[in-house]
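Colleague: I have the file open. Let me ask how each label was earned.
Modeller: Go ahead.

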Amino acid sequence: METPENEIFRDSIGTITEDGKRAWVFPKKPSGRFYEYRKYVSYFLLAFLFLSPFIKINGNQFLMFNILERRFNIFGFPFWPQDFHLFVISMLIGVIFITLFTVAFGRIFCGWICPQTIFMEMVFRRIEYWIEGDRNKQRKLDRQKWNTEKIRKKGIKFLIFAIISFLIANVFLAYLIGSDKLIGYITDGPFNHLSTLISLLIFTAVFYFVFAWFREQVCIIACPYGRLQGVLLDTKSIVVAYDHKRGEGENGRKKFRKNEDRANLGHGDCIDCLQCVHVCPTGIDIRNGTQLECVNCTACIDECDHIMESINLPKGLIRYASEENIERKAKFNLTARMKGYIAVLSIMIGLLVGMLFLRHDVEANVLRLPGQLYERKERNIISNVFTYKLVNKTSDDIKDVSLKLMSHKGELKLVSTHDTFVVPRQDIAEGTLFIEIDNSALTGDRNKIKIGVYKGDKLIETTTANFLGPRSYR
């Protein structure tokens, strides 16, 4: 079955030529009200991205994703391996929220919030415009031979790109290993930490490759989020859309001619100026409808509004709208699917909040020493040996910590010279202990005992363990 002529564009992506080669995109520099709004949002998010690893709340890094040690900080809350279920729930909430947002408002996340788009469009492309000029000058520079002008402009651009990529790599590393450790490595001398330096250079090379060459291909080829549009979007989703009913009219588009009565001739408001195509950072024609490559960046809206204004026609030929709004002027309403996502999101948030309230600052784990059976002592006393591990999730040392047996009458002895100890901040205290219980208090060969963790006289956590004893034949 042959593809209809007006749908042929869907057989390939906008950045690939007919012979399968890369079609380099030279977008026109955008301007307009949405572009100004996006700049303000970008400034805020860039500041947030660069400052978050260096902001501390109660001594905890604001955001940290230390995958190697499985330690995460989210908005100043530390999550240890023992809290991994909370981290997973947080990530699921994020995924559901983005899914809900996509169902309602399309790929708006990509155009306004995604770090790839913000760095590409608001940092690297603006540097490119500053050094090489707008669309036509960039195309001309690309076609000309490697003379002094081209070498100078390309050299300056790529040097600045490399410096910014290096800065981004440092910030990225601060998220992974912690800002304090990164600053320590820098002051101690990078060559004293060669493995970290090599990792930093690899990250720099990756970011440079992405923003200097791969560019919009990340959104089109590498990112799976764009592929989800076909599943998540429907006719009620608000996206960057071309009003084809107004733009095409009865007899289609037509180039603009002064003092021509387009309405009586049956032509729509689109004057086929191609400015919406020239300004698109992924090289598509928004007039073909919703496409995989569209990141909802609003550049075509601003450009089209400017053209409409210059020829005294109403703005909004390209705008945020749903298919139903264009076809039937229908207003936005929550669909059953949106309500379902909202319900699931609310349940997940409630679950996370409840778990956070139940979360303790100290995590205790007491396990019987592997391979060790019980020991029978005089006066019918049964002894087991255990290992303990206490995790301090707070930013302060917990002093005067002791362990006490709560469920049975017996004695708990630490293999230590002191009965109390300190659990360092954001660290682990571990050791060995003996528990002795009279055999008459045991009910079989396996008994569950309860152990309390005290700070002074205050109970701060409890845990359980299995205590082995002689098998009862009663």
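Colleague: Leaving aside its neighbours within four places in sequence, which residues is Leu-390 in contact with?
Modeller: First, a caution: this is a predicted model. In it, Leu-390 is in contact with Glu-363, Ala-364, Val-401, Leu-403, Phe-421, Val-423, Asp-427, Ile-428, Ala-429 and Val-453. Contact here means heavy atoms within 4.5 Å.

Colleague: Which residues have the most contacts inside the largest nonpolar core?
Modeller: Leu-390, Leu-403, Phe-421, Ile-435 and Ile-449. That core has 25 residues. Strands E8 (362-368), E10 (381-392) and E11 (398-405) are among the elements that give two or more residues to it. So are E12 (410-414), E13 (421-423), E14 (428-438), E15 (446-455) and E16 (458-468).

Colleague: What other core is there?
Modeller: A second, separate core has 24 residues, including Leu-46, Ile-118, Val-123 and Phe-207.

Colleague: Why is Asp-243 called buried?
Modeller: The cut-off for buried is under 20% relative accessible area. Asp-243 has 3%, so the label buried applies. Asp-243 lies in the loop between strand E6 (239-242) and helix H11 (244-248). Not counting residues up to four places away in sequence, Asp-243 touches Leu-317, Arg-319, Ile-326 and Lys-329.

Colleague: What makes E4 and E5 a pair?
Modeller: Pairing needs at least two bridges. Three bridges join strand E4 (residues 71-74) to E5, so the two strands pair, and they run antiparallel. One example: Phe-72 has Phe-79 in E5 as its bridge partner.

Colleague: Which are the edge strands of the sheet E3-E4-E5?
Modeller: Strand E3 (63-66) and strand E5 (77-79). Each pairs on one side only. This open sheet has antiparallel pairing. Its neighbouring strands are turned by 20° against each other on average, direction ignored.

Colleague: How do you know that E11 and E15 pair?
Modeller: The same test applies: at least two bridges. E11 and E15 have five, so they pair, in the antiparallel sense. Leu-405 has Ile-451 in E15 as its bridge partner. Both strands belong to an open sheet of four, in the order E13-E11-E15-E16. Its edge strands are E13 and E16. Neighbouring strands there are turned by 40° on average, direction ignored.

Colleague: Which residues does the annotation "transmembrane region" cover?
Modeller: The unreviewed UniProt entry gives 43-64, 84-110, 158-177, 197-214 and 338-358. In the model, residues 158-177 are 100% helix, with end C-alpha atoms 28 Å apart. Residues 338-358 are also 100% helix, and their end C-alpha atoms lie 30 Å apart.

Notes. Residues numbered from 1 in each chain as written. Predicted model: local features only at pLDDT ≥ 70, side-chain atom pairs only at ≥ 80, totals over all residues. Heavy atoms only, no water. UniProt positions renumbered as here; feature names shortened; annotations may be inferred. Core = buried A, V, L, I, M, F, W, Y, C linked by side-chain atoms within 4.5 Å. Buried < 20%, exposed > 50% of the residue type's maximum accessible area, 1.4 Å probe, protein only. Axes fitted to C-alpha atoms, helices over the stretch in contact; angles between N-to-C directions.
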